[in-house]
Every structure is written in structure tokens, then in C-alpha cells.
Amino acid sequence: MRVLHAVVSSENRDAAREALEEQDFSLVAIPLDDRDGVLLEVPLPSNAIGDAFDALEEEGIELEEYTIVTSGEASMTPTSETLANRYAGTYHPLTGVELRSKARDLSPDHGAYAALMILSALIATAGLLVDSPAIVVGSMVIAPIIGPALTASVGAVTDDWGMVGDSLWMQLYGLGLSIVAAALLAGAFKFGGFVPQSLNLPSIELIGVRLAPNALSLVVAAAAGIAAGIALTTKGPTAIIGVMIAAALIPSAAASGIAIAWADPALAIGTAVLLIVTMVVINLVVLAVLVTLGYHRRERPSSGGESNWSRTGVIALFALTVVLSLVVGVATAQQVAVDREIAQVTDDALSQPAHENLTAISVQTQYADMSPFTGPREVTVVVSQSGSADPAALAADIADETEARTGEELAVRVQAREYESATAGGANETEAAVASPAVAPLKPASALPSPSHPQP
């Protein structure tokens, strides 16, 4: 529950009381010794704050004069049960005042923010290099990057340009710090001999899934943004940790830093584009959620306080972000179309009788030149093998058919994992891997034969 404290003048006291009591709100009026007026104290359900504000504003009460909303544990008034039943289980977005306060609480001070971004990037870098999902998840929990993304949208719908400018700047320099920190640590690992210098970064699964944006990454970013926007406008705690993990921004920044340390421009560009696309999508989706909920129409503009950001400066920064987003969006749409075609070609190839003993596990696309959207690609197809099969033939079929459909000359790798079923004494049947992946070299597409002594 909440407790509303509002100062009203003596002449408006009766009008304010009647307006609140018409909504079944109980209140007390405390006389003020040092000024003309009274302090209204109104216990309310958390969802009822907006209705109380509307009732007071309709009577001409200036809430900016002195209004405080505090948390309360419980209330016992003649109408408390009626209000609890009325507002229980219903969704009422927070008021603009509460929204701004909640958003500001999510953004730490600049010093703590920079330190946490650097530390989370270092943890993510170590987790990626050792291919440890647990460590990578820990880095995402620590990172405070989602807070500025939410405050930027809140500032936009409440006309607080200082908040928007500060939030966008924090996102930019926070991710920049993360990439630099990751590159320094990865370089120290590489040249210090802790990690092989010839390490094939895309072969690390946690890096391989972050080579570039795709349709699934856009869906995840959009869903995370919707969840963040809804959670931000509710009375409960914001599901910020879940949004951080779902968005996976810090691992992408760390992957960019690792690629820089390994002097791999193609991988660095691809992971950086994924990072930018994810961040832009989250910002825009959170803003769309707030606009859909009507914050741009019904909330009073905020003065925003003192800020180094002017409205013109924020608009220029936002325009630059939009232009960059459009460029990246067009390129991403092209990439998504080609990736979808590659997945379709793989399905069609595996449906042929010659490959009936192979089943797709995953398809990953890797860029092979400086541009993440043009030039030849390298595709890694992981399949399960249930009998005799020729991964080399599958690699050739995928490469030839994709080139025929899209004009893209591909280097295809097929990693085949052979499985066999084993039963013991009539027990339930289990499936165990008995062959390590067979890898097809670059085009002309072919595959290495499965080893004669496979590893479990």
C-alpha cells in the first residue's frame, strides 16, 4: 500500500476532501502551524495513486507544491477493505512521478556504474574463454546496463531531456568500457600464455552463438524490452535481473573485446553489431510500451532538474541512434533472409534419402570478411548420426544449393555426432554418444571421416 501526503490550502481543503471521499478514500487533515493550509494524509492501495492524483487535479489542487508518496505496511480505515477488493488483481500503471523515481533507482552513480560494467565484462571474458555458462550468467547479473535503457525511455515519455541524455550517454560509455576491459583481459590471457594464441574463437560455443544478429536475437531483445517496460510500470519490483540475463548484452561486449585481442575484425564487427542491435531494440521497445500505456498523454512534463544536456543535444544524439539503427536494421534484415534460406536448404538436404541417417542439431553462420553483411560465409552444421552416412556429401549439397538460391559462395563444415542405443538386461533404452564430430573443411565442401576410435 501507499500513503499519500499532500498540502492543500485552506480554501481548497473541503473540495479536496470531497473529491477523495467520492472515491472511497479515507483521509485525515492535519493543520499546519507555519503556513495557511492542511496536510492531507491518505492511505491507499498502490494501484490507486493515479486515481487520487486525478481527483485532486480535477479540483485545481497543485500537487507540485508539496506531495509525497510513501510505502505503508497496512491500513485500518472504514473503506480499506472496499478499496482492497476494488484494486486487488487489477493492473494500473504507476504514475509518472513514481515511474521516474523507480527508474532513477535503477541507475547507480557514474562511478559505481563504470566499476560494475568493467567488472562484469572481466567476468564475462573469463567465462567465454573457458566456455562456462555459469560464469557468463553471473556477469550478466552484475551488469547494471539495463537501468539506463529504462531511464532513457522514461525520460522520453515524461519530457525529461536531461534523463534521456544521461541515460543514452551511460549506455554508450558503459558498453565501450566493457569492450575495452574485455580486450585488455583477453590480450593478457593470450600473450601471457594462459590461452592458446591459435584458439579458434567461433569454435567456443558461447562465442559462436554471438557472431552476429539474427531473427532469434531480435525476438529475444524485443521480448526482454516488453518485459522490462511492463515490470517498470507495475507496483512490484522490476524483473531487472531476468531482463539482464535475457538480453545478454555483456557477453556480446566481451566477445567483441576478445575478437579485438585476437585481431579478428570479422568477429569483432559481427559481435559489435549484435550488441548495438540488441541495445537499440530494447530502448525502442521499452519506449513503445510506455507510449502504448499512455504515459506520453496523461503525465505532466518533468522539469528534469539541472543537466548538461539540452533538448537539441538529446535530439541530435537520438537522431544519430535512429540513423545507425536503420542502417543496421536493413543490413540485419538482409542477413536474416540469407540465414533463413540457409536453414531451409539444410532442412531440404537432410530430407533427401542419401542423408536419412543424419538429423540437424544446430546451424551456425560465421562471417568470413571485414563486413558482417557481405562476402562469403562459413556455415557450421551440427548433425546427429544414427548409422552410416557421408557428412562430406551433405556439406557439398548445402553449399551448392545455397549458392544456387542466394548467390552466396559458402564454406560449409559438417560436424557429425554418432549415437547408438544400448540396453542392459532389458532395462530402459538409453542413448549414448559414441563418436566425436567429423568436420568438413572449407569449400570445396567435404567432411573428414569419423575417427576409428571415437571418443565418448
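**Overview: the whole chain at a glance.** The protein chain has 16 helices and eight strands, where helices (H or I, at least four residues) and strands (E, at least two) are DSSP runs numbered from the N terminus. This is a predicted model, where local features need pLDDT of at least 70, side-chain atom pairs count only at pLDDT 80 or more, and totals for chains, interfaces and linings use all residues. Residues are numbered from 1 along each chain as its sequence is written, and side-chain values use heavy atoms, with hydrogens and water left out. Of the 456 residues in the chain, 46% count as buried; buried means under 20% relative accessible area, exposed means over 50%, and partly exposed is in between (1.4 Å probe, protein chains only). Residues 24 or more positions apart make up 74% of the chain's contacts with a separation of 6 or more, a contact being heavy atoms within 4.5 Å. The accessible surface comes to about 21,600 Å², with 58% of that belonging to carbon and sulfur atoms; areas come from the Shrake-Rupley method with a 1.4 Å probe, and for residues only the protein chains shown count as cover.

**Close-up 1: helix H10 and its two faces.** Helix H10 takes in residues 215-232, and its end C-alpha atoms sit 26 Å apart, which agrees with the 26 Å that 18 residues should span at 1.5 Å a residue (the expected span is 1.5 Å times one less than the number of residues). Look for the buried residues of H10: Ser-217, Ala-221, Ala-224, Gly-225, Ala-228, Gly-229, Ala-231 and Leu-232. They cover an arc of only 165 degrees around the axis, so they sit on the same side of H10; the arc is that of the directions from the helix axis to the C-beta atoms. Flip to the face turned away from that buried side and you'll find Leu-216 and Val-219, both exposed.

**Close-up 2: helix H3 under cover.** In H3 (residues 80-87), the buried residues are Ser-80, Leu-83 and Tyr-87. Their arc around the axis is only 65 degrees, which puts them on the same side of H3. An α-helix has 3.6 residues a turn, so residues three or four places apart point the same way. Helix H2 (49-58) is part of what covers the buried residues of H3, while Glu-81 and Asn-85 are exposed on the other side of the helix.

**Close-up 3: a nonpolar patch shared by H6 and H11.** Val-137, Val-141, Ile-241 and Ile-245 make a nonpolar surface patch of about 270 Å². Helix H6 (133-142) and helix H11 (240-247) each chip in at least two of the patch residues. Val-137 belongs to H6 and counts as partly exposed because its relative accessibility is 33%.

**Close-up 4: Asp-36 in its loop.** Asp-36 sits in the loop between strand E2 (28-31) and strand E3 (38-44). With a relative accessible area of 60%, Asp-36 is exposed. Leaving out residues up to four places away in sequence, Asp-36 touches Ser-9 and Ser-10. Its C-alpha is 8.7 Å from that of Val-8, although the two residues are 28 apart along the chain.

**Close-up 5: two loop residues with positive phi.** Asp-131 isn't a glycine, yet its phi is positive, at about 55 degrees. You'll find Asp-131 in the loop between helix H5 (110-129) and H6, partly exposed with a relative accessible area of 33%. Ala-263, another non-glycine residue, has a positive phi near 55 degrees. Ala-263 lies in the loop between helix H12 (249-261) and helix H13 (265-292), and at 62% relative accessibility it counts as exposed.

Definitions and conventions:
Patch = residues over 30% accessible without salt bridge, like charges linked within 9 Å, V, L, I, M, F, W, Y side chains within 5 Å. Salt bridge = Lys/Arg side-chain N within 4 Å of Asp/Glu carboxyl O.
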